[in-house]
Each structure stands twice: as C-alpha cells, then as structure tokens.
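Biologist: I'm new to this one. Could you put it up, and let me ask where the labels come from?

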Amino acid sequence: MRNENLTQGAFSFVNGSSEMASLIRMKNWSGSPLGALESWPEMLKSMIATVLASPFPMHICWGKQLFLFYNDAYRPILGSTKHPVAMGNPIGDSFPEVWEQVGPLYQTVLEGQSVRHSDRELILNRNGSPETCYFDFSYSPIIGRGGQVLGVMTYVVETSVRKFAEIEKLKLSKSVYAINEELTTSNEELVQANEELMAVQEHLKQTINQLEESDTSLRLAVEAADFGIWHIHSLSRDFITTPRLRELFGLGHFEKIIIEQAITQIREDFRDYVSTTLENAIYNNGEYDVTYPVIGLNDNKLRWLRAIGRLRADPSGEFSDFTGVVMDVSDIKKDEERKNDFIGMVSHELKTPLTSISAYLQFLEMQISKAGADNLQRPVARVIMQVRKMSKMIEGFLDLARFESAKIQLNREIFDLAGLCTELELEFADQIGTHIIKFSGKESVMVFADRDKIAQVINNLVGNAAKYSPNGSTILMSCVRKKNIAMVSIQDQGIGVEGNEQVKLFERYYRGENNGTIAGFGIGLYLSAEIINRHNGKIWVESEAGNGSTFWFTVPLAN
Ligand code: ADP
C-alpha cells in the first residue's frame with residue numbers, strides 16, 4: 001500500500017518536503033523485512049524524523065540488519081548507483097565493496113561503543129567504477145529505553161575534495177621541494193661555474209696585463225733601439241711602415257713609401273742582392289738578414305741599414321705577412337770601414353816588401369842551385385813556402401778589406417767552369433805535394449761568372465781540404481750541370497765538421513772547434529761565400545765529424 005496521503009498520524013515523521021521523506025512515504029514497505037510503515041517502532045520513526053530534518057549528512061542503521069535511512073544531505077555520498085535502492089535496505093548490501101572495512105565498525109557500535117574517523121579512505125563503487133573517497137564520520141549507538149542498542153546513528157562528511165587538494169598540495173610541495181633541490185644544485189653548479197669563470201677571467205686579465213707589459217717592453221725596446229718596422233702583404237704587396245723606417249729612408253714621417261721605391265733607394269751594387277733575397281724570403285720562406293747602403297730620398301744621405309725579417313703565414317693559408325725590423329748600422333759600418341781601411345793599408349804595406357823578399361828569395365834559390373850549395377837548398381825552399389803562405393794570407397786580408405768596402409766588382413764573362421777546374425787541378429799538383437788531388441768532370445760546363453773570383457773560391461776550398469785532412473789522403477773535385485746551374489764539389493777525407501757548426505763556418509772570422517792547432521783567421525770561407533752570394537749562387541757543406549767533408553757551391557749557367 002502506498003503512503004501518499006498518509007502524512008498525518010503514524011506517518012507524520014515523514015511529512016517533510018525533503019526528497020528522502022517523499023521517497024520513504026512513497027515506498028511500499030509492507031513486503032519488506034521492516035513491515036508496513038505504520039508498524040515501525042516509535043523510536044525508529046523519531047530517529048528517521050531527526051535524520052530527515054538535519055541539514056548535515058546523516059543516516060541511521062536500524063536493527064541488527066542495519067536497515068539504512070538517510071537524509072537529502074547524505075544522498076550524494078551514494079552516487080548514481082546506490083540511491084534509491086539503499087533506502088530501507090541493510091547497509092551492507094549497498095556497500096559490499098567496503099563492507100570488510102566498515103562492517104566491523106558497525107559491529108563495535110552495536111556493542112555499545114562509538115566510533116570516530118577522520119579522512120578515512122574508502123574505495124567506493126558508486127558511479128560505475130571504483131573511486132577513492134575520504135570521509136570524516138562518527139558512529140554512535142541508538143540506545144532504547146531499556147538501554148539496549150537499537151541501531152547506529154551516523155554523521156558523515158565526505159572530505160574527498162579537501163583531501164585530494166591536500167594530496168595535490170603535498171605532491172606539489174614535494175615537487176617544489178625537488179625543484180628547489182635541483183635549483184639549489186644548479187645554483188651551486190652556477191656558483192662553481194661562476195668561480196671558474198672568474199678564475200679564467202682573472203687569468204685572462206693577467207695574460208692581457210702580461211701581453212700589455214711585453215707589448216710596452218717591446219715598444220720601449222724598439223724605440224730605445226731606434227728600430228723601424230715594416231710589414232709586406234705577400235699578395236697585395238702593401239708596404240706598411242713606421243715613421244722611423246721612413247726616416248731611415250730619408251722620407252718625412254708622413255710621406256708614403258712603396259716597396260719598389262724603397263728598393264730603388266738601395267745603392268746599385270746591393271740592389272739586386274737585396275731584392276732577390278727579399279723575394280726569396282716572401283715567396284720561398286727564405287732567410288732575411290741583410291745589410292745594405294741606402295741613399296735617403298730627400299736628404300740624399302747614405303745610411304747603412306740592417307734588416308731582419310720573418311714570414312708569418314695567415315691562418316687562412318691564402319697569404320703571408322712578411323714583417324721585420326730595420327736599424328741604422330752606419331756607425332758600426334763606419335768603424336768597420338776604418339778597420340778595413342787599416343787592414344787594407346797594413347796588408348798593402350806588407351805586400352810590397354813581401355814581393356821584394358819573394359823576388360830576392362827566387363834569385364837566391366837560383367844562385368844556390370848554380371853554386372851547388374845543396375845544404376842551403378832545403379832551408380831556402382822552406383822560406384819560399386812560408387813567404388808564399390804569408391802572401392796568400394795578406395792577399396786574403398786585402399780581399400776582405402776590398403769586399404767590406406764594396407770595392408770589389410765582379411767581372412763576369414762566359415767561360416768553361418770544368419775547364420777552369422782542370423787547369424787548377426794541374427796547378428794544385430805543383431803546389432800541394434801533400435795530397436792527391438783529382439778532378440773527375442770531363443764535360444764542359446759554361447757559366448757566366450767572374451773567372452778569377454771563382455778560381456779564388458776553388459783555391460780556398462781545396463786549400464782548406466788539404467789543411468784539414470791527413471797528408472797522403474785524396475781530395476776529389478767535381479763539376480756538373482744541374483737544370484740551370486753549375487755545381488762544384490770539393491770532397492776530402494779529413495776531420496769533418498759537426499752539424500751545428502756547418503752554417504757558422506761561412507761567418508766572418510769564424511774558426512771551427514775542430515781545427516785544434518791548425519793556424520788560420522777564419523776569413524777564407526767568408527770570402528768564398530761573399531763571392532758566391534754576389535753571383536746569386538749558394539755555398540754549403542755536407543759533413544760529419546771525423547768523416548770528411550764535401551763543400552758545394554753553385555753558379556748560374558751561361559744562357
Ligand atoms: P780558417 O781555415 O783560416 O780557419 P776558413 O774560413 O777557411 O778559415 O774556415 C773556417 C773554419 O771552417 C775553419 O777554422 C775550420 O774549422 C772549418 N773548415 C774549413 N774547411 C774545412 C774542411 N775541409 N774540413 C773541416 N773543417 C773545415
């Protein structure tokens with residue numbers, strides 16, 4: 001039987017306008033275990049009325065079976081699947097998924113104790129799928145007049161939203177913490193990187209300071225030494241010069257100078273030599289350390305300059321920068337000139353009496369031979385040999401003086417260099433009886449050179465070969481043509497020269513460490529090198545200490 005109009009009397013406990021009151025009223029209870037509504041115990045009705053009237057989510061569970069009655073405020077907790085079936089049915093039937101957890105709590109309350117939980121987690125299946133929910137609830141017993149427990153009164157609030165917010169907050173603060181940690185770490189790394197950067201910066205600062213210092217010292221040194229500086233671009237041939245360099249070439253500080261003009265200012269007898277050495281330095285990375293006289297453009301003054309340069313390839317590999325310093329060595333040159341004049345004068349003065357001595361000795365030799373004074377022949381021959389040595393020495397000094405004062409001119413002619421060697425081979429056979437001297441070249445090699453000067457070089461080299469090798473050993477001479485040059489070699493079986501000394505031998509007054517007590521002045525090879533250089537040739541030695549030496553020189557072929 002429906003209870004629609006029964007809002008009075010026995011049904012007055014459900015006469016409210018709430019949805020749940022209406023549901024209870026509408027339900028046919030006669031077939032239910034609780035029986036018809038009017039037969040319900042007064043206590044139950046009054047409890048239901050209390051629950052329905054509460055704006056707070058409440059329910060009661062009546063009897064041992066725990067028949068559930070709830071209010072409108074509680075209804076959302078049941079979701080879309082548990083309501084309305086749950087109303088008036090045992091609560092355990094509506095919450096099978098959590099009954100293992102909450103059943104024992106109800107049992108405790110039925111035994112007379114209250115239960116209270118905060119944020120209790122329950123996984124409910126109320127909207128078609130399991131859902132984690134949180135609740136604050138308190139269960140308390142409904143006590144009958146006789147003190148017996150009739151059911152359970154429940155206040156329940158779903159705290160899921162707040163709990164989730166808390167969980168999120170916790171997660172968030174954990175990740176914030178983690179981010180913070182990471183930030184702290186990166187901060188520490190940043191601090192470290194910063195410290196390293198500062199150290200690098202400090203180092204850089206120091207390096208820059210050092211660079212500035214060395215730059216300043218270099219500038220001061222350049223200024224103190226009165227050096228001029230230049231750069232030549234290998235492709236454009238731009239000639240960048242400092243004011244001092246322009247001054248050394250007799251120009252005003254701000255006047256422009258190009259490389260070709262600088263070369264025309266070099267005195268004629270040095271011009272070719274400097275120009276060839278310069279081109280060779282720029283394009284073949286050759287050595288550049290030259291001393292030459294320059295006529296000042298505006299002041300017409302003669303200055304001796306020494307220039308030292310070095311080629312530096314650009315990292316692109318496309319061009320090079322040939323850079324260097326130039327200094328005024330006129331005073332040194334003047335001193336040298338004075339010294340040379342003195343050497344020249346003394347040598348010249350010595351030459352005259354020596355020539356007479358030579359002539360008298362030859363006359364004496366003839367007279368001794370005529371008179372048959374054999375015992376005097378040997379000593380006179382010795383004296384003649386010593387005088388010849390002395391003459392050669394004086395001749396060398398005279399040559400040196402002439403070279404230094406640039407008074408030596410080359411008298412070039414076309415001649416057969418191999419022929420000259422053959423001639424000299426015969427002369428050596430007469431003059432140098434201590435060694436076997438052989439010339440191996442038989443083909444003629446025509447060259448364009450100063451015959452006397454080249455003969456002087458060969459004389460020097462063969463003389464040295466005899467001087468620095470044991471008596472009785474062989475000296476081999478050769479003369480060959482190679483591409484556009486003639487090459488002459490003089491090979492001995494003597495004491496040889498250490499590798500590090502080989503270049504120095506050609507310096508003026510240089511005497512090797514190897515020669516012990518062998519007398520000399522260290523000018524023979526210097527003069528030879530000067531002569532060969534003036535011919536645009538090359539001179540060098542191949543040797544090993546203790547294993548003999550081969551001296552080579554080249555001169556250009558006749559065209
Ligand atoms: P000098 O012979 O008067 O010392 P040079 O200029 O002719 O002067 O030679 C320079 C140096 O070169 C010599 O002192 C010697 O040490 C070395 N030298 C020259 N020729 C030879 C040679 N054929 N073998 C070994 N050393 C040599």
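Modeller: Let's start with a term: buried means under 20% relative accessible area, exposed means over 50%, and partly exposed is in between, using a 1.4 Å probe and the protein chains only. This is a predicted model, where local features need pLDDT of at least 70 and side-chain atom pairs count only at pLDDT 80 or more, while totals for chains, interfaces and linings use all residues. Residues are numbered from 1 along each chain as its sequence is written, and side-chain values use heavy atoms, with hydrogens and water left out.

Biologist: Why is Cys421 called buried?

Modeller: Its relative accessible area is 0%, and the cut-off is under 20%, so Cys421 counts as buried. Cys479 has 5% relative accessibility, so Cys479 is buried too.

Biologist: How many disulfides does the structure hold?

Modeller: Zero. A disulfide is a covalent bond between the sulfur atoms of two cysteines. Here the test is a pair of cysteine sulfur atoms within 2.5 Å.

Biologist: Why is there no bond from Cys421 to Cys479?

Modeller: The sulfur of Cys421 has its closest cysteine sulfur in Cys479, at 4.8 Å, so the pair is too far for a bond. Looking from Cys479, the closest cysteine sulfur is the one in Cys421.

Biologist: What makes Arg126 buried?

Modeller: Arg126 has a relative accessible area of 6%, so it falls on the buried side. Arg126 sits in the loop between strand S3 (115-124) and strand S4 (131-143); strands are DSSP runs of E, at least two residues, and helices are runs of H or I, at least four, numbered from the N terminus. Leaving out residues up to four places away in sequence, Arg126 touches several others, including Pro76, Lys82, Phe135 and Glu158, where contact means heavy atoms within 4.5 Å.

Biologist: What makes the Arg126 pairing with Glu158 a polar contact?

Modeller: A polar contact is a pair of N or O atoms within 3.5 Å; within protein, one must be able to donate a hydrogen and the other to accept it, and residues adjacent in sequence count only if both atoms are side-chain atoms. The side chains of Arg126 and Glu158 are at 2.8 Å, so the pair fits the definition.

Biologist: Which parts of the protein lie at the ligand's oxygen atoms?

Modeller: An N or O atom in the side chain of Lys467 is 3.0 Å from a ligand oxygen. Backbone N or O atoms also lie 2.9 Å from a ligand oxygen in Gly512 and 3.0 Å in Phe521.
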